[in-house]
Amino acid sequence: MLKVRDIMTQEVIAIQDTATVTQAIALMQYHKVRSLIIEHPEGQTAYGIITERDIVYRVMAVGKDPHEIGVQELVREPCITAHPDLTVEEMAQLFASAGIQRAPVIDGQQLLGIISVTDLVMKTDGKQNYQADWIAMQIENALVHARIICGDPQTQISKECSVAWDVVEAFEDQAALNGAI
């Protein structure tokens with residue numbers, strides 16, 4: 001099962017908490033990134049994040065001067081972080097419940113990387129996961145069907161019972177071929 005550590009972006013672009021929004025914009029443009037990690041000030045353990053959305057919605061859209069606004073003013077607190085051992089599904093749930101699109105990946109006090117919804121979509125094989133789920137569901141349905149047909153003492157040795165178990169075996173073979181079981 002894929003974990004955050006498997007798909008996160010390890011190269012993280014950080015900015016000092018004393019920088020201005022103008023400096024943040026320049027750094028984003030230079031590195032072609034959509035967010036920056038705000039390094040935690042001395043004596044504090046919390047990281048922050050500033051995104052292009054923060055800049056557009058909270059500076060540009062309201063007519064503030066990016067030369068006069070510090071990045072620290074845009075940090076939402078608390079900063080939602082991801083643990084590297086979260087599964088992709090758990091990370092997707094965290095993004096959905098928090099209404100965010102990216103988060104720093106932190107283990108203890110150490111910044112390991114950044115994870116985004118784009119990473120979840122582009123770096124996972126969703127098709128294979130859905131296919132495995134579909135096969136598992138088909139096996140479950142085939143088992144129920146076979147147990148119903150073969151549960152009647154009069155049909156236990158019937159052709160219908162034999163076919164029902166053949167269907168179960170075919171789906172199990174397909175799952176084994178795909179590495180789903």
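Is Lys32 buried or exposed? Lys32 is exposed, because its relative accessible area is 75%, and a residue counts as exposed when that value is over 50%. The model described here is predicted.

**Lys32 and its loop**

Lys32 sits in the loop between helix α2, residues 21–31, and strand β2. The backbone angle phi of Lys32 is near 55 degrees, which is a positive value in a residue other than glycine. Most residues other than glycine have a negative phi.

**The three-stranded sheet**

Three strands make up an open sheet, in the order β1-β2-β3, with mixed pairing. Strands β1 (14–15) and β3 (48–51) are at the edges and have a single partner strand each, so one side of each lacks a neighbour in the sheet. Strand β2, residues 35–38, runs antiparallel to β3, and four bridges join the two. Within this pairing, Ser35 faces Thr51 in β3.

**The hairpin**

Strands β4 and β5 form a hairpin, with two residues between them. Gly108 lies in the turn and has a positive phi of about 70 degrees. The two strands, of which β5 spans residues 110–116, run antiparallel and are joined by six bridges. Ile106 stands opposite Leu111 in β5. How much of strand β4 is covered? Strand β4, residues 102–107, is mostly covered, as five of its six residues are buried.

**Salt bridges**

How many salt bridges are there? The count comes to three. The table gives the partners and the distance between N and O atoms in each pair.

| Acidic partner | Basic partner | N to O distance |
|---|---|---|
| Asp85 | Arg5 | 2.9 Å |
| Glu52 | Arg34 | 2.6 Å |
| Asp119 | Lys123 | 3.2 Å |

The side chains of Asp85 and Arg5 meet in a salt bridge. Asp85 is in the loop between α3 and α4 (88–98), while Arg5 is in helix α1 (residues 4–7), so this pair ties together parts that are 80 residues apart in sequence. Asp85 is partly exposed at 37% relative accessibility, and Arg5 is partly exposed at 38%.

Arg34 and Glu52 form another salt bridge. This pair links distant parts of the chain, 18 residues apart: Arg34 belongs to the loop between α2 and β2, and Glu52 to helix α3. The relative accessible area is 43% for Arg34, which is partly exposed. Glu52 is partly exposed too, with a value of 33%.

In the salt bridge of Asp119 with Lys123, is Asp119 buried or exposed? Asp119 is buried, because its relative accessible area is 7%, and buried means under 20%. Lys123, at 40% relative accessibility, counts as partly exposed.

**Surface patches**

Which residues form the nonpolar patch on the surface? Val56, Tyr57 and Met60 do, and together they have about 310 Å² of accessible area. Met60 is part of helix α3, residues 52–60. With 48% relative accessibility, Met60 counts as partly exposed.

A patch of negative charge is also found on the surface, where Asp166, Glu169, Glu172 and Asp173 gather. Glu172 lies in helix α7, residues 159–177. The relative accessible area of Glu172 is 31%, and the residue is partly exposed.

Note on methods:
Residues numbered from 1 in each chain as written. Heavy atoms only, no water. Pairing = 2+ DSSP bridges. Buried < 20%, exposed > 50% of the residue type's maximum accessible area, 1.4 Å probe, protein only. Patch = residues over 30% accessible without salt bridge, like charges linked within 9 Å, V, L, I, M, F, W, Y side chains within 5 Å. Areas by Shrake-Rupley, 256 points an atom, 1.4 Å probe, with all protein chains shown as cover. Salt bridge = Lys/Arg side-chain N within 4 Å of Asp/Glu carboxyl O. Lys, Arg positive; Asp, Glu negative; His and termini not counted. Charge placed at Lys NZ, Arg CZ, Asp CG, Glu CD.
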